[in-house]
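Colleague: I would like to learn how structural labels are earned. Can you take me through some examples?

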Amino acid sequence: MEEIRPVILCGGTGSRLWPMSRTQSPKQFQPVAGKGSLTFFQSTVQRHRIKGFGRPVVVTAFQHAKLVARQLQEIQCDATVICEPMARNTGPAVLAAAMVIEDETPGALMLVLPSDHIIQGNLNSPIMAMRKAALDGRIVTFGIKPTYPETGYGYIADGGQFSTYDGLHRVAQFVEKPPLSRARALMQSGCAYWASGISLYGANTIIAEFSRLDKATFTAVRHAIDRGEAGYFGLLLHSDSFRRTTNEPTERVIFEHSKSVALAPLDVEWSDVGCWTSMHAIGTPDEAGNVCQGDVISVGTTNSLVRSEGRLVAVVGMSDVIVVDTPDAVLVTSRGKCQDVKKVTETLRAEARRESHHHLQRDHIWGQSQSVLTSPDYEMTVLKINPSASINIDPLPGRQIIAGRGDLELFDGFSRRKLSSGERVLVEVSEKFGLTNRSNDCAEVLLVTMNGSISPELRLSDVSNA
């Protein structure tokens, strides 16, 4: 039996889940249930690591390629990674994955999956039951029975069951984010489903449909792959070619115009976790209806989500609130206003605030960096370097490092030597400056960058492990 290739789409910024989700570390790469748990992306990958499913394909932004590589490594999963030079919605991403799969395994099936949804229940069996329909050229999109009249989801109207495929239905109509009255009518009809974003079809089927319905995108993606660059973290699509694609979702470009599209209902618990209210809904509440994650004390509080990523958070006498505490930002909102969190991220971007882009602590292939102090004159950052890992630090005027703990080796562009604990070194002259951790434990270094030479990303260049 031919294996199904999972295609995991890692776009989106998850702005409604700020401050957990940031532009450089969006929702899909954050832990589902707090520190130490699998991320949304990792949970999606793990869900289909069973018999019948092949090597996954991950489509992500180029800026997140290193993060994808690290999270795949953490769960020991090998995958084909495709890096987008810019965001162009799901249509071009799906087509790029289809072309890569078809080049590798002609005639293979592909299962397109959002990377940031929560699913509980038996998802794989109904997917496997649709293999024959997909092999016969059907585009199978999976629907969820609505439980309330959500206006932020797309709906699929049931057009009646096929006699040739058990459990497969025709599509009468797609309805994109209807007003409340229409959403209520669709739900009450009993013949409409939420569009889950999950779909199954042959790679050659979707390629042929793009060639028929959107020739410009078909040509642009083919050129983007052929002219792309294979790098350490995956295939980087050719920028000028990929920019010529249509910036639209697959549903709008293909599904709404294809006679091959069909509907398969799913009987699972599903959430796209689009806001903090959804995070509360998927958590495990205590007897007062509270979902508490991290170091939290709740007194006289009900039906609330309280999440701490470090310090103690105490909530007293509150009801129906969301409290999210991170090292550099705190969000407090009522459950009914969670959709408005996006307005906070819009303000942060307009003011060019760092809090919209990244956290104080960031993960890298080589370890972690954490900003500990920022002033008008300088910035101090702690670098934690993994065992046997190396980093390059760009020289800047006034920049220096102070060695903390660990067996560190210094390369100044000419020679290598041991760097002793407490030793201070200026890095403003050498064209190259490298540090390697030669110990079996994490090494720590304090990086000091003077005002006028600070860059938004501290210009830390990842290199492969030694």
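What follows is a set of questions about labels, each answered from a value and a cut-off.

Colleague: What kind of model is this?

Modeller: This is a predicted model. Keep that in mind throughout.

Colleague: Let us begin with charges. How many salt bridges does a search of the whole structure find?

Modeller: The search finds 18. One of them joins Asp-325 and Arg-311.

Colleague: What makes Asp-325 and Arg-311 a salt bridge?

Modeller: The cut-off is 4 Å between a side-chain nitrogen of Lys or Arg and a carboxyl oxygen of Asp or Glu. Here the closest N and O atoms are 2.9 Å apart. That is within the limit, so the pair counts.

Colleague: Which parts does this pair tie together?

Modeller: Asp-325 lies in strand E18, and Arg-311 lies in the loop between strands E16 and E17. The pair therefore ties together parts that are 14 residues apart in sequence.

Colleague: Why is Asp-325 called buried?

Modeller: Buried means under 20% relative accessible area. Asp-325 has 5%, so the label fits.

Colleague: How do you know that Arg-335 and Asp-320 form a salt bridge?

Modeller: Their closest N and O atoms are 3.1 Å apart. The limit is 4 Å, so this pair passes too. Arg-335 sits in the loop between strand E19 and helix H12, while Asp-320 sits in the loop between E17 and E18. These parts are 15 residues apart in sequence, and the pair ties them together.

Colleague: Are Arg-335 and Asp-320 buried, exposed or partly exposed?

Modeller: Partly exposed covers the range between 20% and 50%. Arg-335 has 26%, so it is partly exposed. Asp-320 has 31%, so it gets that label as well.

Colleague: What makes Glu-423 and Arg-417 a salt bridge?

Modeller: Their side chains meet at 2.9 Å, N to O. Again, that is within 4 Å, so they count. Glu-423 has 23% relative accessibility and is partly exposed. Arg-417 has 36% and is partly exposed too.

Colleague: Which residues are linked in a network of salt bridges?

Modeller: Asp-103, Arg-222 and Asp-226 are linked in such a network.

Colleague: Now one loop residue. Why is Ser-421 called exposed?

Modeller: Exposed means over 50% relative accessible area. Ser-421 has 60%, so it is exposed. Ser-421 lies in the loop between strands E26 and E27.

Colleague: Which residues does Ser-421 touch, not counting those up to four places away in sequence?

Modeller: Ser-421 touches Ala-403 and Gly-404. Gly-404 is 17 residues away from Ser-421 in sequence. In space, their C-alpha atoms are 5.2 Å apart.

Colleague: On to helices. Why are H7 and H8 called oblique to each other?

Modeller: They pack at an angle of about 125°, with their axes 5 Å apart. Roughly perpendicular ends at 115 degrees, and roughly antiparallel begins over 145. The angle falls between those limits, so H7 and H8 are oblique.

Colleague: Which residues meet there?

Modeller: H7 brings Ile-207, Phe-210, Ser-211 and Leu-213. H8 brings Lys-215, Thr-217 and Phe-218. By class, the contact has 4 nonpolar, 2 polar and 1 charged residues.

Colleague: Last, strands. How do you know that E18 and E19 pair?

Modeller: At least two bridges are needed. E18 and E19 have 6, so they pair, and they do so in the antiparallel sense. Val-321 stands opposite Ser-334 in E19.

Colleague: What makes E14 and E19 edge strands of their sheet?

Modeller: The sheet is open, with 4 strands in the order E14-E16-E18-E19 and mixed pairing. E14 and E19 each have a single partner strand, so one side of each is left without a neighbour in the sheet. On average, neighbouring strands of this sheet are turned by 5° against each other, direction ignored.

Colleague: How do you know that E20 and E21 pair?

Modeller: They share 3 bridges and run antiparallel. The minimum is two, so they pair. In E21, the bridge partner of Asp-363 is Gln-368. E20 and E21 form a hairpin with 3 residues between them.

Colleague: What about E21 and E22?

Modeller: E21 and E22 are joined by 7 bridges and run antiparallel. Ser-371 stands opposite Thr-381 in E22. E21 and E22 also form a hairpin, with 3 residues between them.

Methods:
Residues are numbered from 1 along each chain as its sequence is written. This is a predicted model: local features need pLDDT of at least 70, side-chain atom pairs count only at pLDDT 80 or more; totals for chains, interfaces and linings use all residues. Side-chain values use heavy atoms; hydrogens and water are left out. Buried means under 20% relative accessible area, exposed over 50%, partly exposed in between (1.4 Å probe, protein chains only). Axes are lines fitted to C-alpha atoms, for helices over the stretch in contact, and angles run from 0 to 180 degrees between N-to-C directions. Contact means heavy atoms within 4.5 Å. Ala, Val, Leu, Ile, Met, Phe, Trp, Tyr, Cys and Pro count as nonpolar, Asp, Glu, Lys and Arg as charged, and the others, Gly among them, as polar.
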